[in-house]
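These are my notebook entries on one structure, written in the order in which I looked things up.

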Amino acid sequence: MVQRKFWTRRPTKMHNKTMLFAALFSALPFTMLPAFAGTIRQVAASDGAVVIQFDDVVSKATVFALARPDRIAIDVSGATAGLNSLAGGPVSNVRQGQLDSNTARIVLDLAQPAVVTGGTFSEDGKILRLSVRSAGASEFSGTLGRGKTEIAPPLAFRAEPPKRRYEVSAPIRTGVAKGLPTVSGPADSKLPLVVIDAGHGGHDPGAISPHGGKREKDVTLAIAKAVRSEMLKTGRVRVALTRDTDKFLVLEDRFEIARKMKADLFISIHADSAENPEANGGTVYTLSEVASDRQAQRLAARENKANIINGVNLGGADANVSSILIDLTQRETMNVSADFAKLLLREAKPNMRIRTNSHRFASFIVLKAPDTPSILFETGYLSNADDVDFLASVEGQQKVARSVANAIQVHFARRLASR
Ligand code: ZN
């Protein structure tokens, strides 16, 4: 993957999430068409200044600070990331990447705390000069709460923001646009919120069983609803479904719903299919850019295809964005997801068939919300006669639902206890 060269992965924790995620996701629900895009010719950091040169006009720059590790980020809209970066002064490393089709992100890794004290564009709008100076740790952390600073080029040399448009006819992206799903359960916002995502839907049936033609989208919806009823019985959690009808949602909308609702847990329900009719049992997946095995990788590729209709990708994230998302993913989110995956398998084993090697990793788009612990539950194989009987039956669905609901209860009880 090419972008690794520009986006050095850092195994460090990242805590200052709110601001960053707002920036990260604000552009994702829509596909942007760049009007004019200046490419970054060079980012040069030295003592006292960071100078960014573009080969054409850009729309604006947004500057903000991030802690642990200490960084300064600059999002330039109307710009494309380049390759040429020079570190210097308090900046130990410069990274460039594409946040979305219209926005380049520059990250300055700081060797020591530093603050941006000002910034201006040149008269032709093609050079942005930021004044940067070393600062004490407390002064740096003071800038964290201050949010973002926007710097615009002179009006006559400003790239027009791209027009927002839908890639395919508008009704498809109904998920987030039409408002968030209703929350069921006690009206107490302090109770944890779980978002259950019934995989596929609408024009996308998912896997279709060779035994009686059962469709994955119907099975997942039935299971999601069963999970909701099981959880509501406990009175201790709130629940929302990304969809409770037969409708299509792109993968990014699914996790975006969970993020917007500030969900504590996101569970995407699926059912697999395989060439081998003997393959059976459930598997829990969590996010990793490196798949745990070939099968997991192929499955992720198949599930990620839900975004593609008639060759048109409805999703907002391209390969670069995906990589940045992973780069910024909190280790903690991943740890919580992995813990929940183990718990779910433990709770599911007495109730249903589970595969050996049942916790696997792959790069599922639907799991890429960096701040929401997320798992994908492949509940079994529609290509297996016994599995499909189980998953399509009310009894089987209830067993799956009970497993999920039990795991959720234990999960939140543990988290409460550890506080
Ligand atoms: Zn699926």
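**Entry 1: strand β16.** I began with the burial of β16 and found it mostly covered, with eight of its eight residues buried. The model is a predicted one, and I read every entry below in that light. I then asked which residues of β16 point one way and which the other way. Leu265, Ile267, Ile269 and Ala271 point one way, while Phe266, Ser268, His270 and Asp272 point the other way. In a regular strand, side chains alternate between the two faces of the sheet. Both sets of residues in β16 are buried.

**Entry 2: neighbours of β16.** I looked up the strands paired with β16. With β14, the pairing is parallel and runs over five bridges. In this region Asp197 stands opposite Ser268 of β16. With β21, the pairing is again in the parallel sense, over six bridges. Here I noted that Ile269 has Phe377 of β21 as its bridge partner.

**Entry 3: the sheet around β16.** I traced an open sheet of six strands in the order β15-β14-β16-β21-β17-β20, and its pairing is mixed. Its edge strands are β15 (238-241) and β20 (354-362), each of which pairs on one side only. On average, neighbouring strands of this sheet are turned by 20° against each other, direction ignored. Towards the β20 edge, I found that β17 (residues 282-287) runs parallel to β20 and is joined to it by five bridges. Gly282 has Ile354 as its bridge partner in β20.

**Entry 4: helix α10.** I recorded that α10 (residues 394-417) lies across β14 (193-198), β16 (265-272) and β21 (374-381), and that it runs at about 155° to β16. I picked out Gln397, which is found in this helix. Is Gln397 buried or exposed? Its relative accessibility is 11%, so Gln397 counts as buried. Leaving out residues up to four places away in sequence, I listed Ala222, Ile223, Ala226, Phe390, Leu391 and Ala392 as the residues that Gln397 touches.

**Entry 5: nonpolar cores.** In soluble globular proteins, nonpolar side chains tend to be buried together. I found that the largest nonpolar core here has 39 residues, and that Val194, Ile196, Met231, Ile267, Phe377 and Ile408 have the most contacts inside it. The elements giving two or more residues to this core are β14, α4, β15, β16, α8 (331-348), β21, α9 (385-392) and α10. I followed Ile267 further, setting aside its neighbours within four places in sequence. Ile267 is in contact with Val194, Val195, Ile196, Asp197, Phe340, Ile375, Val404 and Ile408. I also noted a second, separate core of 29 residues, which includes Ala114, Phe121, Leu128 and Leu130.

**Entry 6: the zinc ion.** Which protein donors does the zinc ion have? I listed His200 (NE2), Glu216 (OE), His270 (ND1) and Glu303, the last entered twice through OE, all lying 2.1 to 2.3 Å from the ion. Along the chain, the donors follow the spacing H-x15-E-x53-H-x32-E. Two of them, His200 in the loop between β14 and α4 (216-234) and Glu216 in helix α4, are 16 residues apart. Both His200 and Glu216 are buried. I add that His270, a donor to the zinc ion, is among the residues of β16 already entered as buried.

**Entry 7: a second sheet.** I then traced an open sheet of five strands in the order β8-β9-β5-β4-β12, with antiparallel pairing. β8 (91-100) and β12 (149-151) each have a single partner strand, so one side of each is left without a neighbour in the sheet. Neighbouring strands of this sheet are turned by 20° against each other on average, direction ignored. At the β12 edge, three bridges join β12 to β4 (residues 60-66), and the two strands run antiparallel. I identified Glu150 in β12 as the bridge partner of Thr62. Helix α2 (residues 137-144) packs on the sheet, where it touches β4, β5 (71-77) and β9 (103-110). The direction of α2 makes about 130° with that of β4.

**Entry 8: the whole chain.** I closed with totals. The protein chain has ten helices and 21 strands. Of its 419 residues, 54% count as buried. Among contacts between residues at least 6 apart in sequence, 77% join residues at least 24 apart. The chain exposes about 18100 Å², and carbon and sulfur atoms supply 51% of that area.

Notes:
Residues numbered from 1 in each chain as written. Predicted model: local features only at pLDDT ≥ 70, side-chain atom pairs only at ≥ 80, totals over all residues. Heavy atoms only, no water. Pairing = 2+ DSSP bridges. Helix = DSSP H or I, 4+ residues; strand = E, 2+ residues; numbered from the N terminus. Axes fitted to C-alpha atoms, helices over the stretch in contact; angles between N-to-C directions. Contact = heavy atoms within 4.5 Å. Donors = N, O, S within 2.8 Å, 3.2 Å for Na, K, Ca; no water. Buried < 20%, exposed > 50% of the residue type's maximum accessible area, 1.4 Å probe, protein only. Core = buried A, V, L, I, M, F, W, Y, C linked by side-chain atoms within 4.5 Å. Areas by Shrake-Rupley, 256 points an atom, 1.4 Å probe, with all protein chains shown as cover.
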